[in-house]
Amino acid sequence: MAPASNQTGIRLETGRLPLLRSVRGKLIVTITLFIVVTAGALSFADYSYVRNLLRTSTEQQMMLRAEGLSEVIQAYARQQLERVSLVASRTRLRELTRSRLDGDLEPEDYESATRRILTDAQASTRGFESILLADRTGLVLTATDLLLVGSSVADDAVFDPALESATLGLPVASQGGYTASLGAPAISSDGRLLGVVLVALDVAEMRELLTHIPTTFETATVRVAAGVDGELRYIFGGKTGAQDQIMRRALAGQTGYSALEQPDGRDVLAAFRPVGYGGWGLVAEVDEEYVYLNAGR
């Protein structure tokens, strides 16, 4: 291409960059490129450092949250076990039951006298929806609900364990809420096992405790599950999903922290641990994106 010229006759170079025609110009370009590349590298390093710092901080907070929630569940379970044990240990209830089993008291008289005791216990104990007493085979001898008398509770998952010690079962959906079987052995003054006191317990308080504990992360969620016949059963309606793998680790007695991807594509950070009661496991999760977007707030 021929050099261009203007009206004064001065010839202009258009095919080359003037800056690169001198050593000084080349040095300026080199230094500029060095600054840009270095700044970019430092920015990436800063980003990685901050990201790792946030993940470490989140891990610590989520692990503490999981530990705190486990302690809350343990405390709640202990309270319920104490309450049902108090009902099962009522002296008059045990005396009447022993007389009934020994044939010294007619069934009608026994039911009338013991129903008053159970009704009084139900009225004075928050969350007790119904109370019954069954013999060692599971036959219901007396209950606050007359329709239950004569039926069997031997198939209730809590019945067999409650023959030995107070037991709180898994919450199940019931009429728009959640209830759990709560049982304790009824033992005579001479150490004879008379049967089991079973309570249908409204566990709304437990659900409230798990969903309204203060946390730094508004999107944090908690899942509690147990292993039943080799399958995961999530408490309070939680569904199986991406968290199953780490929940199984919690059920196996492991404690830890993990990042995982949900089926909807969201990345979550999760702490997991055993609850410390009933072989249950707990997973506390928070959206990873939320952690980074709200850092420093």
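## Burial and a buried salt bridge

A residue counts as buried when its relative accessible area is under 20%. In this predicted model, Glu 285 has a relative accessibility of 3% and is therefore buried. Glu 285 forms a salt bridge with Arg 223, and the closest N and O atoms of the two are 3.0 Å apart. Glu 285 belongs to strand E13 (residues 281-287) and Arg 223 to strand E9 (residues 221-228), so the salt bridge ties together parts of the chain that are 62 residues apart in sequence.

## Other salt bridges

In the whole structure, a search finds eight salt bridges. One of them joins Arg 90 to Asp 120, with 3.2 Å between the closest N and O atoms. This pair links distant parts of the chain, 30 residues apart: Arg 90 is in the loop between helix H1 (23-88) and helix H2 (91-101), while Asp 120 is in helix H3 (residues 107-123). Arg 90 is partly exposed, at a relative accessible area of 27%, and Asp 120 is also partly exposed, at 43% relative accessibility.

A salt bridge within a single helix is found between Glu 95 and Arg 92, at 3.8 Å from N to O. Both residues lie in helix H2, three residues apart, which is about one turn of the helix. In general, an α-helix has 3.6 residues a turn, so residues three or four places apart point the same way. Glu 95 is partly exposed, because its relative accessibility of 44% falls between the limits of 20% and 50%. In addition, a network of salt bridges links Arg 98, Asp 102, Asp 190 and Arg 192.

## Strands and hairpins

Strand E13, which holds Glu 285, pairs with strand E12 (residues 267-274) in the antiparallel sense over seven bridges. Within this pairing, Arg 273 stands opposite Leu 282 of E13. The hairpin of E12 and E13 has six residues between the strands, and Gly 276 in this hairpin takes a positive phi near 100°.

A second hairpin is formed by strands E3 and E4, with five residues between them. Its turn contains Gly 138, which has a positive phi of about 100°. The strands E3 and E4 (residues 140-143) run antiparallel and are joined by three bridges. In this pairing, Ala 134 has Val 140 in E4 as its bridge partner. Ser 130 also lies in strand E3, and Ser 130 is buried, with a relative accessible area of 19%. Ser 130 and Leu 118 are 12 residues apart in sequence, and their C-alpha atoms are 8.6 Å apart in space.

## A helix with a buried side

Which residues of helix H6 (residues 244-251) are buried? They include Asp 244, Ile 246, Met 247 and Ala 250. These residues lie on the same side of H6, because they cover an arc of only 165° around the axis. Just after H6, Gly 253 takes a positive phi of about 95°.

## A positive phi outside glycine

Most residues other than glycine have a negative phi. Asp 229 has a positive phi, near 55°, although Asp 229 is a residue other than glycine. Asp 229 is found in the loop between E9 and strand E10 (231-234). With a relative accessibility of 78%, Asp 229 is exposed, because this value is over 50%.

## The largest pocket

The largest pocket has a volume of about 510 Å³. It is lined by 27 residues, and those closest to its centre are Asp 156, Ala 157, Val 158, Ala 180 and Ser 181. The elements that contribute two or more residues to the lining are strand E3 (128-134), strand E5 (167-168), strand E6 (172-174), strand E7 (177-187) and strand E8 (193-202).

Which element gives the most to the lining of the largest pocket? Strand E8 does, with four residues. By residue type, the lining of the largest pocket consists of 18 nonpolar, seven polar and two charged residues.

Definitions and conventions: Residues are numbered from 1 along each chain as its sequence is written. This is a predicted model: local features need pLDDT of at least 70, side-chain atom pairs count only at pLDDT 80 or more; totals for chains, interfaces and linings use all residues. Side-chain values use heavy atoms; hydrogens and water are left out. A salt bridge is a side-chain nitrogen of Lys or Arg within 4 Å of a carboxyl oxygen of Asp or Glu. Buried means under 20% relative accessible area, exposed over 50%, partly exposed in between (1.4 Å probe, protein chains only). Two strands pair if DSSP finds at least two bridges between them. The arc is that of the directions from the helix axis to the C-beta atoms. On a 1 Å grid over the protein atoms alone, a cavity is a set of points where a 1.4 Å probe fits but cannot get out, and a pocket is an open set with protein on both sides within 12 Å along at least five of seven lines; lining residues have an atom within 4 Å of a point. Grid points are joined across faces, edges and corners, and a volume is the space filled by probe spheres set on the points. Ala, Val, Leu, Ile, Met, Phe, Trp, Tyr, Cys and Pro count as nonpolar, Asp, Glu, Lys and Arg as charged, and the others, Gly among them, as polar.
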